[in-house]
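Welcome, and thanks for taking a look at this one with us. The report below goes from the overall fold to the core and then to the aromatic residues.

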Amino acid sequence: MGEEARKVGFDFRAQAEQCVASTLLAYYNIVQLQQQLFAVEAGLETANQQVLVCDTRWHAGTGSRQELLQAEIDRNTWKALLIQQKSLIRTAKIQLNELLSRAPDIEFTVSDTIPSFYQDRIAGEDDTDFSKNTLLQQA
């Protein structure tokens, strides 16, 4: 095999590895954003409960109006965070669809857990053969 043909094959493999890496990063970014969404939803639920407590206290005469208004402000902040987080997830899904050469509006769900990269090692397999990594060879 000529040197030029070898370089073309080397470049193709590096490009394929970069494509796979970009796709995995995009997918895991969506998983992370989804986990953050769960946290924001929990915060909003807590804020809703706080508004109910403050409203009850205010109507019972043991709480202040200012306390109720602050709880409503906090709830609105959580609502804004929820909208922002959903927008980030939507944008990340569009980016992944584009990486996969699919229509941007295709909906899909992601698993809420990321499998361990080291599960094969735990089972006794060794995957440290860096000689197959084209990007490391180029460096």
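## Overall fold

The protein chain has four helices and zero strands, so there is no sheet to look for, by the DSSP runs used here. Along the sequence, the pattern reads α-α-α-α. Please keep in mind that this is a predicted model.

Of the 139 residues in the protein chain, 19% are buried. If you take the contacts between residues at least 6 apart in sequence, 70% of them join residues at least 24 apart.

## Helix α2

Helix α2 runs over residues 65-99, 35 residues in total. From its first C-alpha to its last, α2 reaches 51 Å, close to the 51 Å expected at 1.5 Å a residue. Just beyond it, α2 is followed by S101, which has a positive phi, near 60°.

Which residues of α2 are buried? They are L68, A71, L82, Q85, I89, A92, K93, L96 and N97. Three of these names, L68, K93 and L96, will come back below in the contacts of W58 and F108.

## The nonpolar core

As a general background, nonpolar side chains in soluble globular proteins tend to be buried together. Here, the largest nonpolar core has 13 residues, and the members that touch the most others are I30, L82, L96, F108 and V110. Two elements, α1 (3-60) and α2, give two or more residues to this core. The largest share, seven residues, comes from α1.

F108 is a good residue to click on. Not counting residues up to four places away in sequence, F108 touches I30, K93, L96, N97 and R102. Among these partners, K93 also lies over the face of F108, at 5.3 Å from the ring centre. In α2, K93 is one of the buried residues.

## W58 and its surroundings

W58 has its place in helix α1. Is W58 buried, partly exposed or exposed? With a relative accessibility of 31%, W58 counts as partly exposed, because that value falls between the 20% and 50% cut-offs.

Leaving aside neighbours within four places in sequence, W58 is in contact with G63, S64, R65 and L68. R65 lies over the face of W58, at 5.1 Å from the ring centre. L68 is ten residues from W58 in sequence, and the two are 7.2 Å apart in space, C-alpha to C-alpha. L68 itself is among the buried residues of α2.

## An aromatic pair

The structure holds one aromatic pair. It is formed by Y27 and Y28, whose ring centres are 5.8 Å apart. The planes of Y27 and Y28 stand at 70°, so the pair is edge-to-face; the cut-off for that class is over 60 degrees.

Both tyrosines count as partly exposed: Y27 has a relative accessibility of 26%, and Y28 has 31%.

## Cysteines

How many disulfides are there in this model? The count comes to zero disulfides, where a pair would need its sulfur atoms within 2.5 Å. C19 is partly exposed, because its relative accessible area of 40% lies between the cut-offs of 20% and 50%. C54, in contrast, is buried, because its relative accessible area of 2% is under 20%.

Note on methods. Residues are numbered from 1 along each chain as its sequence is written. This is a predicted model: local features need pLDDT of at least 70, side-chain atom pairs count only at pLDDT 80 or more; totals for chains, interfaces and linings use all residues. Side-chain values use heavy atoms; hydrogens and water are left out. Buried means under 20% relative accessible area, exposed over 50%, partly exposed in between (1.4 Å probe, protein chains only). The expected span of a helix is 1.5 Å times one less than its number of residues. A nonpolar core is a set of buried Ala, Val, Leu, Ile, Met, Phe, Trp, Tyr and Cys residues joined through side-chain atoms within 4.5 Å. Contact means heavy atoms within 4.5 Å. Rings of Phe, Tyr and Trp (its six-membered ring) pair if their centres lie within 6.5 Å; planes under 30 degrees apart count as stacked, over 60 as edge-to-face and the rest as tilted. A charge sits over a ring if NZ of Lys or CZ of Arg is within 6 Å of the ring centre and within 35 degrees of the ring normal.
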